[in-house]
Amino acid sequence: MPYTKQFAISTGQPAIAADLIENFEDMRRYINQQVVEADLSSATVGAPEIVRGELTTFSGPEHQFTCGNGYGIFKNTKTRNYSGFSSTTKQEYAGEYADQSAAGLAPPTQQITSQILTLSNTFKRVELEHRAIVTYRAFLDVLLPQVVIPDAADTTGATIPEHRYTTFMYLSLDGGATTLANTTKGRFFDESLFSSPWAGGPSSWAGPQAQDPMRDQSIPDGYANNIPSEYYRRQYVIYKCIELAPGSYDIGVVADAHHSKGYVKTHNVTIECEYVDDNI
Amino acid sequence: MSELIYKNGVEGNPSNENNSVDSFFNTLQSASTAVDKTNTRTEWVSTDHIKWSDKPLTRAWVRRENSNNVGTTYAPAAFTTVSHGNNGSTEITGLSHAFGVGDTLRYHFNTITLPNAKGIGAGAIDDYWWLKVEVQYDTGGGPVWNTLGYVTRNSFTQLRNAIGTPYPINGHRRYGISFCKVFPFSGTWTGIKVQTKSESVGMDLILQNWSQDARLIGA
């Protein structure tokens with residue numbers, strides 16, 4: 001039942017202070033306890049209204065808003081913040097590929113060619129109490145330094161850079177068990193200043209032709225002469241907005257490394273969760 | 001909510017001149033009987049008590065993404081809508097989401113470019129490509145396309161003259177752009193699309209998977 005004023009104040013007459021106070025007190029009582037279910041239209045109050053905001057300092061200041069959660073991860077470029085990853089965890093030996101342009105085919109051994117590694121400082125466990133729109137943004141500065149290795153594919157016997165394959169990054173919602181490969185793929189190349197041994201050849205790139213970052217799409221592919229190493233550098237700049245059901249999610253970036261040394265320098269990650277009701 | 005205003009508030013005059021005080025309480029009474037079901041942020045009472053500014057909330061969400069892993073070439077000299085993939089075009093029309101003054105359209109588009117240095121040796125200065133986001137809304141005269149934010153100009157290579165070796169720098173890069181538009185007027189949001197063009201027909205731009213996400217957020 002609605003609020004009802006106790007005292008009417010006649011027009012043109014002085015308002016009595018005690019009457020005004022009591023009318024306001026009636027309103028306070030109505031707000032406090034006297035609103036009954038019948039006063040609220042159906043579907044008026046949904047999940048976003050019921051969820052309470054909460055501040056936690058457990059793992060850095062975070063605030064769970066009433067409409068969802070917000071998180072942020074930022075690591076600057078100081079060396080101690082570098083996150084490393086490596087292909088050596090799977091004992092991959094690129095020389096096993098007899099023909100890099102056919103790397104999509106199985107290699108001649110049973111060695112693992114794809115292994116998903118989680119990247120530190122990018123993951124966050126998110127508990128969703130209700131259906132939500134979740135937005136994950138990341139800027140990762142990825143560095144794959146030149147690694148000089150003896151290469152079985154180099155028949156000249158010269159020591160050449162590893163400049164032959166692609167490291168991939170994806171987003172994952174479940175800690176890396178599965179990836180959003182088709183919508184969040186990033187490609188990364190080692191930064192090799194490479195020129196003379198294969199000068200005049202089609203490309204300094206020794207990996208699968210379709211993955212050549214310097215590909216021309218016509219003859220010749222790539223440019224062999226003194227390509228500055230930084231032109232192979234890529235950042236992982238990703239944005240993913242997805243609707244998720246209530247549950248627990250481990251959201252972050254995973255790498256399928258094909259280089260023996262890799263680092264992520266800058267981490268800038270935000271996760272935004274917004275509980276939604278029937279209106280979305 | 002109504003505000004208690006003492007009209008003719010001068011010494012010697014009644015404090016309830018023009019019945020303003022009593023009207024205030026009457027308004028409270030009528031408002032408390034009309035809990036507004038369209039306002040999901042209502043805590044207890046009336047249509048005007050809680051505004052969108054109290055707790056911003058997404059009122060409409062439109063998204064689409066292409067995940068077929070197939071690169072498509074765009075080489076037009078005029079703006080062409082990005083439309084390839086397995087889920088339709090970036091152009092989504094037929095929407096009908098009302099917005100008011102201060103409401104915000106929040107948009108993001110991202111894609112990945114595939115390498116293509118076609119022709120840069122001969123036309124190093126012609127290697128620019130453009131991208132823009134268009135939003136369609138109706139303020140009373142019918143739906144009209146408007147550019148969201150600004151038009152971006154990007155290049156394939158690092159070389160700005162015709163001498164030397166140009167190095168392609170665009171291959172396998174992720175491209176993403178976000179815009180927020182705060183509407184200074186009322187209307188209806190009806191559509192969204194992304195368009196691209198090359199400065200020279202001799203240049204190819206190959207785009208692969210993309211995704212777009214647009215939200216209308218209450219002011």
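# Report on a predicted two-chain model

In chain A, strand E10(A) pairs with strand E13 (residues 247-256) in the antiparallel sense, and five bridges join the two. The model described here is predicted, and this pairing serves as the starting point for an account of both chains.

## Chain A: strand E10 and its partners

Strand E10 of chain A covers residues 167-172, and five of its six residues are buried, so that the description "mostly covered" applies to the strand. Within the pairing with E13(A), Leu171(A) has Val253(A) as its bridge partner. E10(A) also pairs with strand E11 (residues 186-188) of chain A, again in the antiparallel sense, here over three bridges. In that pairing, Phe168(A) is matched with Arg187(A) of E11(A).

These strands belong to a chain with three helices and 14 strands. Chain A has 280 residues, of which 34% are buried. Of its contacts with a separation of 6 or more, 73% are between residues 24 or more positions apart.

## The largest nonpolar core

The largest nonpolar core of the model contains 34 residues, and the residues with the most contacts inside it include Val134(A), Met169(A) and Val253(A). Ala138(A), Tyr236(A) and Ile271(A) are also among the residues with the most contacts there. Two or more residues each come from strand E7 (132-143), E10, strand E12 (235-244), E13 and strand E14 (262-275) of chain A. The largest contribution is that of E7(A), which gives seven residues.

Which residues does Met169(A) touch, beyond those up to four places away in sequence? They are Gly186(A), Phe188(A), Tyr236(A), Val253(A), Val254(A) and Ala255(A). A second core, separate from this one, has 25 residues, including Tyr137(B), Leu205(B), Leu207(B) and Leu216(B).

## Ala255 of chain A

Ala255(A) lies in strand E13 of chain A. Is Ala255(A) buried or exposed? Ala255(A) counts as buried because 28 other C-beta atoms lie within 10 Å, where the cut-off for burial is 20 or more. Leaving aside residues up to four places away in sequence, Ala255(A) touches Phe85(A), Leu117(A), Leu119(A), Thr167(A), Phe168(A) and Met169(A). Ala210(A) is 45 residues from Ala255(A) along the chain, and the C-alpha atoms of the two are separated by 20 Å.

## Chain B: strand E5 and its partners

Chain B has one helix and ten strands. Read from the N terminus, the helix comes at the start and the ten strands follow, in the order α-β-β-β-β-β-β-β-β-β-β. The chain comprises 219 residues, and buried residues make up 34% of them. Among its contacts between residues at least 6 apart in sequence, 74% join residues at least 24 apart.

Strand E5 of chain B (residues 104-114) is mostly covered, with eight of its eleven residues buried. E5(B) runs antiparallel to strand E8 (residues 174-182) of chain B, to which nine bridges join it. E5(B) is also antiparallel to strand E10 (residues 205-217) of chain B, and that pairing has ten bridges.

The table below gives one bridge pair from each of the strand pairings described in this report.

| Residue | Bridge partner | Strand of the partner |
|---|---|---|
| Phe168(A) | Arg187(A) | E11(A) |
| Leu171(A) | Val253(A) | E13(A) |
| Asn110(B) | Gly176(B) | E8(B) |
| Leu114(B) | Ile206(B) | E10(B) |

## Confidence in the model

For the complex, the predictor gives an ipTM of 0.72 and a pTM of 0.73. Chain A has an average pLDDT of 76, and 66% of its residues score at least 70. Over residues 96-108 of chain A the pLDDT stays under 50, and the model has 16 contacts for this stretch beyond four places in sequence. The pLDDT is also below 50 over residues 196-200 of chain A, a stretch with eight contacts in the model beyond near neighbours in sequence.

In chain B the mean pLDDT is 79, and 74% of the residues reach 70 or more. Where in chain B is confidence lowest, and where is it highest? Helix H1 (residues 20-32) of chain B is lowest, at a mean of 79, and strand E3 (residues 80-81) of chain B is highest, at 96. Over residues 36-54 of chain B the pLDDT is below 50, and this stretch has 39 contacts in the model beyond near neighbours in sequence.

Terms used:
Residues numbered from 1 in each chain as written. Chains lettered and ligands numbered in written order. Predicted model: local features only at pLDDT ≥ 70, side-chain atom pairs only at ≥ 80, totals over all residues. Helix = DSSP H or I, 4+ residues; strand = E, 2+ residues; numbered from the N terminus. Buried ≥ 20, exposed ≤ 12 C-beta atoms within 10 Å, placed from the backbone. Contact = placed C-beta atoms within 7 Å. Pairing = 2+ DSSP bridges. Core = buried A, V, L, I, M, F, W, Y, C linked by C-beta atoms within 7 Å. pLDDT = per-residue confidence, 0-100.
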